[in-house]
Amino acid sequence: MKIIIANWKANPSSLPEAQDLFRATVIKAEQCREVETVVCPPFVYLEELAKWLFANFSSPPLALGVQDIWESAGPFTGEISPEMARNLGAQYVLVGHSDRRYILGEDDVRINKKVLAALRIGLTPVLFVGEKERGGDDDQENLIVNQLLQDLADVGPARMAKVLVCYEPVWAISTSPGSHPDTPANALKAAETIRRTLLKYWNIASARVLYGGSVSADNITRFLEHPEINGAVVGGASLRAEAFGHILKLSSQL
Ligand code: PGA
């Protein structure tokens, strides 16, 4: 089953808008139960959205995730602990998104701590890897392998089976200047690098690898028709329930 993860980032700007978008997204997800849908709203909306979801569905058509966590509870002003996220109903957490790496200065040591914290508390980490600039083949491969080795350090093989890895080249993200989606061929090459690395260092033969970067209804099939790509992370298009529903529908047909 393919998995589609909506990353709302810092949108929308009010709770009523978030509720409208969420309810419309849930209806779309309900029509596409053959695809695993995850929505990662901003923290401030999580509680309300979770309450509504669990009050209305004994078997919800989508799961909730958060866009970040800190390493633990304690003296960390402004942060959210993994326990808080889980106790509100989140099952997934995005870790190492390029917004956090390059705009908010998060390094691989910090990302690794977050992956370990997520696994410890039972959240499924979605680790983002990918090059910043469109570069040569070696650059891409070396960077991905290095990110995986550093970000997943000390994750044992048993827990590694839970980790999802998303290849998301920064230049392909819809808000990057001059962005355009990656080619399926390049995404497949990156997916192969990820699989090879997880097999070599963790003995994981069935890693789940996603693609992210300007995913839309126009291009989703070209990525997901390959069994090597298990799903996608969707940013901009997840803010429009109609467009996101279309992506879910196409994904559920594969
Ligand atoms: P995009 O964002 O789909 O708008 O390119 C994806 C992401 O940044 O996760």
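The following dialogue explains how to read salt bridges, cores, pockets and a cavity in one predicted model.

Q: What should be known about the model before reading it?

A: The model is predicted, so local features need pLDDT of at least 70 and side-chain atom pairs count only at pLDDT 80 or more, while totals for chains, interfaces and linings use all residues. Residues are numbered from 1 along each chain as its sequence is written, and side-chain values use heavy atoms, with hydrogens and water left out.

Q: How is a salt bridge recognised, and how many are there?

A: Side chains of opposite charge can pair when their charged atoms come close. The rule used here asks for a side-chain nitrogen of Lys or Arg within 4 Å of a carboxyl oxygen of Asp or Glu. By this rule the count is 12 salt bridges.

Q: Which residue forms a salt bridge with Lys 28?

A: The partner is Glu 242, and the closest N and O atoms are 3.3 Å apart. This pair links distant parts of the chain, with Glu 242 in helix α10 (residues 241-252) and Lys 28 in helix α1 (residues 15-30), 214 residues apart. Helices (H or I, at least four residues) and strands (E, at least two) are DSSP runs, numbered from the N terminus.

Q: Are Glu 242 and Lys 28 buried or exposed?

A: Buried means under 20% relative accessible area, exposed over 50%, and partly exposed in between (1.4 Å probe, protein chains only). Glu 242 counts as exposed because its relative accessibility is 59%. Lys 28 has a relative accessible area of 19% and is therefore buried.

Q: Which residues form salt bridges with Asp 68?

A: One partner is Arg 100, with the closest N and O atoms 3.3 Å apart. Arg 100 lies in helix α4 and Asp 68 in the loop between β3 (62-66) and α3 (82-87), so the pair ties together parts that are 32 residues apart in sequence. Another partner is Lys 114, with the closest N and O atoms 2.9 Å apart. Because Lys 114 lies in helix α5 and Asp 68 in the loop between β3 and α3, this pair ties together parts that are 46 residues apart in sequence. Salt bridges that share partners join Asp 68, Arg 100, Glu 106 and Lys 114 into one network.

Q: Which members of this network are buried, and which is partly exposed?

A: Asp 68 is buried at 7% relative accessibility, and Lys 114 is buried with a relative accessible area of 1%. Glu 106 also counts as buried, at 10%. Arg 100, at 21%, counts as partly exposed.

Q: Where is Glu 106, and which residues does it contact?

A: Glu 106 is in the loop between α4 (98-103) and α5 (108-121). Contact means heavy atoms within 4.5 Å. Leaving aside neighbours within four places in sequence, Glu 106 is in contact with Asp 68, Gly 96, Arg 100, Arg 101, Ile 111 and Lys 114.

Q: What is a nonpolar core, and how many residues has the largest?

A: In soluble globular proteins, nonpolar side chains tend to be buried together. A nonpolar core is a set of buried Ala, Val, Leu, Ile, Met, Phe, Trp, Tyr and Cys residues joined through side-chain atoms within 4.5 Å. The largest here has 66 residues, and those with the most contacts inside it are Ile 4, Phe 22, Leu 152, Ile 194 and Leu 198. Apart from this core lies another, of 13 residues, including Ile 5, Cys 40, Phe 128 and Leu 210.

Q: How are pockets and cavities found, and what is the volume of the largest pocket?

A: Rolling a probe the size of a water molecule over the atoms shows where empty space is left. On a 1 Å grid over the protein atoms alone, a cavity is a set of points where a 1.4 Å probe fits but cannot get out; a pocket is an open set with protein on both sides within 12 Å along at least five of seven lines, and lining residues have an atom within 4 Å of a point. The largest pocket holds about 260 Å³ of space, a volume being the space filled by probe spheres set on the grid points, which are joined across faces, edges and corners. Its lining includes Asp 68 and Arg 100.

Q: How many cavities of 30 Å³ or more are there, and which element gives the largest share of the lining?

A: The structure holds 1 such cavity, with a volume of about 40 Å³. Helix α4 gives the largest share of its lining, 3 residues. Gly 96 and Arg 101 are among the lining residues.
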